Structures are given as C-alpha cells and as structure tokens.
Amino acid sequence: MRKIFAVMALSLLAVNVMAAVSPEEAAKLGTTLTPVGAEKAGNADGSIPAWTGGIPKNAGAVDSKGFLADPFANEKPLFVITAATVDKYKDKLSDGQVAMFKRYPETYKIPVYPSHRTVNLPPEIYESIKRSALNVKPINDGNGLENFTGNRYYAFPIPKNGVEVLWNHITRYHGGNLRRIITQATPQTNGSYTPIRFEEEVAVPQLIPDMDPAKAANVLTFFKQSVTAPARLAGNVLLVHETLDQVKEPRLAWIYNAGQRRVRRAPQVAYDGPGTASDGLRTSDNFDMFSGAPDRYDWKLVGKKEMYIPYNSYKLDQPTLKYDDIIKAGHINQDLTRYELHRVWEVVGTVKPSERHIYAKRHMYIDEDSWQVALVDHYDGRGQLWRVAEGHAQFYYDHQTPAYTVETLYDIIAGRYIALGMKNEEKSSFVFGFKAKAADYTPAALRSEGIR
C-alpha cells in the first residue's frame with residue numbers, strides 16, 4: 001500500500017511539473033516560435049509565409065467611424081473552390097466545408113487568396129504570454145487555471161493537450177475593454193430575415209480601476225449585451241460574469257426582461273442553453289465560436305495541419321455594404337469572403353459519458369497565429385454532421401487586435417443559418433479601451449440599462 005501511495009505521489013508531481021513549460025521551452029517564444037507560440041517559419045513550398053512581425057499599425061487608412069481599409073484590396077483569388085473542384089482540395093478543408101458544397105452546390109464557394117500572417121500584439125501582451133508559459137497550471141482536470149495572474153492572456157502558448165489549446169482561444173487578447181454595436185440575422189430558407197441589433201461590452205477586471213480584486217479573482221471577463229432592435233425585443237439586457245474555473249464557480253448570468261421589468265438569474269445562459277434571439281440556431285457556448293466552460297467534453301489534440309480558413313476578411317466588413325448584400329439564402333455571400341492557407345491546431349471534443357450536450361462532438365480548427373477558432377464541425381448524438389461554423393476573422397491593425405468580422409453557423413440539415421457580428425450599417429466600428437466602472441457590471445445596474 002505504501003508503494004502505491006508513493007507511485008501516486010510521483011504521478012501527481014509529474015503532472016504538476018509538466019503543467020507549466022520549462023524556461024528552455026519558454027525561451028522559444030519570440031525565437032523559433034512567434035511570441036504567441038506559432039511556428040515562425042513558413043511551410044515547405046512557401047504557400048504559408050514566415051511570420052515576420054505581422055502588419056504595422058498604419059497598414060491602411062481608418063475612416064471617421066473606425067472602419068479599416070483593406071490592406072489587400074488589390075489582390076485577386078489564386079483560385080476558387082467550387083462543388084466541381086472540391087475533391088481536389090478536400091485534404092485542406094473540414095468535413096463541414098465539404099458538406100456545404102454538397103448542400104449548396106450551385107452557390108457555395110471558397111475563394112482562396114495569398115496567405116498573409118497579419119497578427120501581432122502589443123509588447124505588454126507578449127510579456128504576459130511568456131509569464132503564462134512559465135507559471136500557469138491546469139487544475140480540476142484542466143477545467144480551471146492556477147497562477148493565471150496579472151494581465152491574463154493565452155494561458156498555454158506552448159500547449160501539451162487539447163484543452164490547453166482551447167484555453168488559448170478562451171483567454172486570448174480582445175484589445176482590452178471593448179464596445180461594439182452588431183447585428184445578427186437568422187434567415188429563413190428563402191433568405192428573408194429580421195435584423196437583431198445588439199449593443200455589447202466586454203470588460204476585463206484588471207482594466208477596471210475601482211474593481212475589488214477579491215470579487216474578480218475568478219472572473220476572466222464581464223460581458224453585457226443590450227438588445228436594441230427589433231421593438232419586440234428592445235430593452236432586454238444580459239449580464240455575464242465569465243468565471244475562469246466554472247467547475248468551482250459556474251458562470252454567473254442575469255437577464256433584465258423589459259416586458260416584466262425584472263432582473264432574474266439566468267443559469268440557462270451556458271453550455272447548450274439557447275443563444276440570445278437565435279431562433280434555436282445556436283447555443284450559448286457557440287458564441288465567439290466557443291465560449292464558457294470546457295468541462296463537459298474530453299478534448300483530444302490531433303495535431304497541426306494546413307487548411308483553407310476564413311482570414312483577413314476586410315472586404316466583408318466594408319461600411320459600403322448593406323446587410324442585404326451579405327445575407328443570402330443558405331449562406332452568406334461567398335463573393336465577399338476571403339480564405340487563406342494557414343496552419344491550425346486540430347482538436348476534437350467528445351462529450352464525456354457522465355455529461356450531456358446537444359453536440360456530441362465538436363471538431364475544431366484553431367488558427368496558430370491568433371489562437372482564434374476558425375472552423376468547427378458539430379455532430380449530434382447519432383454521429384451525424386449537424387452544424388458547420390466559420391469564423392471570418394480580420395486583424396484590427398490599428399489596435400493590434402485579432403477579432404471576428406462575422407461568425408456563421410450553418411445548420412446543413414434544416415438549411416438555415418445564423419450570422420452574428422455584422423456592423424457594416426452601424427455608426428461606428430469597434431471601440432477599444434473605454435473606461436469601465438465596477439458598478440456597471442452588477443445586477444442592480446441592469447434595470448437602468450434596459451429602460452425604454
């Protein structure tokens with residue numbers, strides 16, 4: 001028995017030793033690896049270039065509303081993948097992308113452009129990433145983080161398993177405190193839709209000067225979402241305290257219902273609870289491609305591969321476009337999209353036998369340069385491919401921040417989809433760095449937010 005305990009103790013010690021990387025491994029960040037942990041070198045044939053620092057803050061013009069000029073506006077596609085040619089390229093596509101060609105053979109296409117490794121982050125974020133590499137350890141079977149302090153970004157820049165890769169997406173840099181006005185559409189099969197308009201804020205505890213550190217010790221972000229259109233939904237407000245270890249302390253959420261004029265706890269805003277005004281087309285954890293606790297899945301790291309993923313989607317974000325230009329029957333207007341060849345981390349999440357979720361499996365592909373989830377194939381309990389997600393990304397070079405232009409989630413069985421994040425018709429692009437106050441992210445503040 002004494003020997004068994006000794007072996008167990010050594011095993012636990014080994015887990016803790018392996019949880020944070022060695023100084024020698026961490027020294028690769030910024031040398032053979034980029035400061036965020038991607039491979040610095042290009043691929044063998046040069047179709048993926050080496051990372052040379054990303055694009056500069058003045059890579060393009062910024063208009064009066066904050067919208068960015070496309071640094072690659074003069075480029076033409078190298079080729080366009082269609083239903084007729086998809087078999088030639090399927091080794092660099094997800095099963096979901098291939099299924100989209102079968103579901104919409106006449107209209108779905110993937111225009112492939114030259115690859116540009118545009119992402120770079122502020123120096124202080126690089127410093128916090130190296131600190132994370134040396135200190136952060138997973139706890140609660142990988143569902144929480146230990147020693148994740150200070151500016152908390154990119155918990156595992158040199159990941160050892162699937163859940164660590166996912167944590168990098170969850171803890172990635174969003175540009176600090178962020179405000180945005182965005183529109184969501186859930187088109188019918190004929191393409192008709194009613195725009196849902198949101199005003200949203202994301203604030204991080206370390207950038208709220210009057211925040212009590214003890215109250216925010218287990219909070220990664222504060223999120224507030226107000227519905228402003230259509231009239232039947234206007235005035236409803238959602239507040240979320242996104243906790244780091246959601247096994248220890250589940251996500252805290254409240255909703256102000258304008259019709260009832262009441263604030264209620266909202267435990268359904270988690271996992272496979274329905275997304276706001278989504279017509280049942282996305283779950284709460286579909287938001288941001290994946291958000292919330294990872295604890296209901298076993299996450300297998302398959303490895304890295306080269307894939308055609310949505311990237312540098314500046315054309316899709318132009319303020320000259322109307323939402324009707326983007327939203328079409330079956331899928332968004334693929335003529336406005338841009339795909340590039342990039343290396344991605346491939347991770348497969350399978351629901352644990354003791355847990356439940358409407359998605360029995362999630363097959364994810366995460367961009368190595370930004371740690372943003374680029375593609376997800378979702379499977380139902382029968383093992384059937386059900387929903388296909390694409391995160392159309394752009395790099396906000398003026399603020400050195402990667403983000404999504406539009407998130408799409410296609411139900412290939414029902415023939416419907418949801419598109420979230422459009423702002424082409426709004427009065428401004430993203431607003432970075434606003435001054436947040438702790439009192440704004442309390443349940444008591446919701447009532448005043450929701451008055452209409």
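Tutor: Start with a term. A polar contact is a pair of N or O atoms within 3.5 Å; within protein, one must be able to donate a hydrogen and the other to accept it. Keep in mind that this model is predicted.

Student: How far is the backbone oxygen of Gln318 from a polar atom of the side chain of Asn424?

Tutor: A polar contact needs a pair of N or O atoms within 3.5 Å. The side chain of Asn424 meets that limit with Gln318, whose backbone oxygen is the partner. The separation is 2.9 Å.

Student: Which residue has a backbone oxygen that the side chain of Asn424 reaches at 3.0 Å?

Tutor: Look at the contacts of Asn424 beyond four places in sequence. They include Leu316, Asp317, Gln318 and Pro319. The backbone oxygen at 3.0 Å from the Asn424 side chain belongs to Leu316.

Student: Is Asn424 buried or exposed?

Tutor: Asn424 sits in the loop between β17 and β18. Its contacts include Phe67, Tyr323 and Ile326. Buried means under 20% relative accessible area. Asn424 has 1%, so it is buried.

Student: Let's step back. How many helices and strands does the chain have?

Tutor: The chain has 452 residues, and 57% of them count as buried. Its secondary structure comes to 8 helices and 18 strands.

Student: What is the radius of gyration of the chain, in a comparison with a compact globule?

Tutor: The C-alpha atoms fill a box of roughly 70 × 60 × 50 Å along the principal axes. A compact globule of 452 residues would have a radius of gyration near 22 Å. The chain agrees with that, because its radius of gyration is 21 Å.

Student: Of the contacts with a separation of 6 or more, what share comes from residues 24 or more positions apart?

Tutor: Asn424 offers one case, with Phe67 among its contacts. Across the chain, take the contacts with a separation of 6 or more. Residues 24 or more positions apart account for 66%.

Student: How far apart are the centres of the positive and negative side chains?

Tutor: Count the two sets. There are 55 positive and 51 negative side chains. Their centres lie apart by 4 Å.

Student: How much of the accessible surface belongs to carbon and sulfur atoms?

Tutor: Begin with the total. The accessible surface of the chain comes to about 19,000 Å². The part belonging to carbon and sulfur atoms is 55%.

Student: How many residues of helix α6 are buried?

Tutor: Go through the helix by name. Gly162, Val163, Glu164, Val165 and Leu166 are among the buried ones, and so are Trp167 and Asn168. The helix is largely enclosed by the rest of the structure, because the buried count is 9 of 9.

Student: Which residue caps the N-terminal end of α6?

Tutor: The cap works through a side-chain oxygen. That oxygen lies 3.4 Å from the backbone nitrogen of Val163. The capping residue is Asn161.

Student: Where is Pro159 found?

Tutor: Pro159 is buried, with a relative accessible area of 10%. It contacts Glu164, Val165 and Asn168, among others. Trp345 and Trp371 are also in contact with Pro159. Its place is the loop between β4 and α6.

Student: Which residue is joined to Pro230 by a cis peptide bond?

Tutor: Pro230 lies in the loop between β7 and β8. The omega of the bond is about 5°. The partner is Ala229.

Student: Is Asn140 buried or partly exposed?

Tutor: Asn140 lies in the loop between β3 and β4. Its phi is near 50°, a positive value in a residue other than glycine. Buried means under 20% and exposed over 50%. At 38%, Asn140 falls in between, so it is partly exposed.

Student: And Asn312: what is its relative accessible area?

Tutor: Asn312 also has a positive phi, near 45°. Its loop runs between β11 and α7. Asn312 is buried, because its relative accessible area is 3%.

Student: How far apart are Phe434 and Lys92, C-alpha to C-alpha?

Tutor: Phe434 lies in the loop between β18 and α8. It is buried, at 7% relative accessible area. In sequence, Phe434 and Lys92 are 342 residues apart. In space the separation is 40 Å.

Technical notes: Residues numbered from 1 in each chain as written. Predicted model: local features only at pLDDT ≥ 70, side-chain atom pairs only at ≥ 80, totals over all residues. Heavy atoms only, no water. Helix = DSSP H or I, 4+ residues; strand = E, 2+ residues; numbered from the N terminus. Buried < 20%, exposed > 50% of the residue type's maximum accessible area, 1.4 Å probe, protein only. Contact = heavy atoms within 4.5 Å. Rg over C-alpha atoms; globule rule 2.2 N^0.38 Å. Areas by Shrake-Rupley, 256 points an atom, 1.4 Å probe, with all protein chains shown as cover. Lys, Arg positive; Asp, Glu negative; His and termini not counted. Charge placed at Lys NZ, Arg CZ, Asp CG, Glu CD.
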